[in-house]
Amino acid sequence: MQRAGWSAIVKPYYTKSVLDPTLLLSAKEWGKYCEFEIPKEPYILVYFLGEKSEHRRAVEKIQKLTNWKIISLPAAYLEMENNDYKKVWGGPKEFLSLIRGAALICTDSFHGTMFSINFQRNFFS
């Protein structure tokens, strides 16, 4: 959450220090920042920080069962080199929009998990 762009979003809501601002706002309040256009058809959002290949194998099995396309917010080398995933590069608006719109989120990230919960999305973490 310390990346560029996030502090401007949450700064007006700070009254004192908090450990992490992911649950500082409601889904409705975070939704105001979801301006990135997302696909209309269901998709699996992949946001992995780690390099565990078993996570990617699980995503591929889910994709075969659902026939949903895979969209990646590449933060790990394995996503950057994977040409089977549609990659989206961006900041907070893209991140929030893609999580809010996903049929399923696959993540090993605290923030990916917390926003999945806040937006009441299906996820594997």
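The largest nonpolar core of this predicted model has 18 residues, and Leu45 and Leu96 have the most contacts inside it. Such a core is a set of buried Ala, Val, Leu, Ile, Met, Phe, Trp, Tyr and Cys residues joined through side-chain atoms within 4.5 Å. Buried stands for under 20% relative accessible area, exposed for over 50%, and partly exposed for values in between (1.4 Å probe, protein chains only). Strand S1 (43-47) and helix H5 (92-101) each supply at least two residues of this core, and the largest share, four residues, comes from H5. Helices (H or I, at least four residues) and strands (E, at least two) are DSSP runs, numbered from the N terminus.

Because the model is predicted, local features need pLDDT of at least 70 and side-chain atom pairs count only at pLDDT 80 or more, while totals for chains, interfaces and linings use all residues. Residues are numbered from 1 along each chain as its sequence is written, and side-chain values use heavy atoms, with hydrogens and water left out.

Leaving aside neighbours within four places in sequence, Leu45 is in contact (heavy atoms within 4.5 Å) with Ile71, Leu73, Leu98, Ile99, Ala102, Leu104, Ile105 and Cys106. Apart from the largest core lies another, of nine residues, including Ile44, Phe48, Val59 and Ile62.

Strand S4 (residues 104-107) is covered on both faces: Leu104 and Cys106 are buried on one side, and Ile105 and Thr107 are buried on the other. In a regular strand the side chains alternate between the two faces of the sheet. Two strands pair if DSSP finds at least two bridges between them. S1 and S4 run parallel and are joined by four bridges; within this pairing, Val46 has Cys106 of S4 as its bridge partner. S4 and S5 also run parallel, joined by two bridges, and Cys106 stands opposite Phe124 in S5. From S4 the chain passes through H6 to S5 in a right-handed β-α-β crossover; right-handed here describes a path from the first strand over the helix to the second that runs clockwise, with the strands pointing away from the viewer.

Two loop residues have a positive phi although neither is a glycine.

| Residue | Phi | Loop | Relative accessible area |
|---|---|---|---|
| Asn67 | about 65° | between helix H3 (53-66) and strand S2 (69-72) | 64%, exposed |
| Gln120 | about 55° | between helix H6 (110-118) and strand S5 (123-124) | 70%, exposed |
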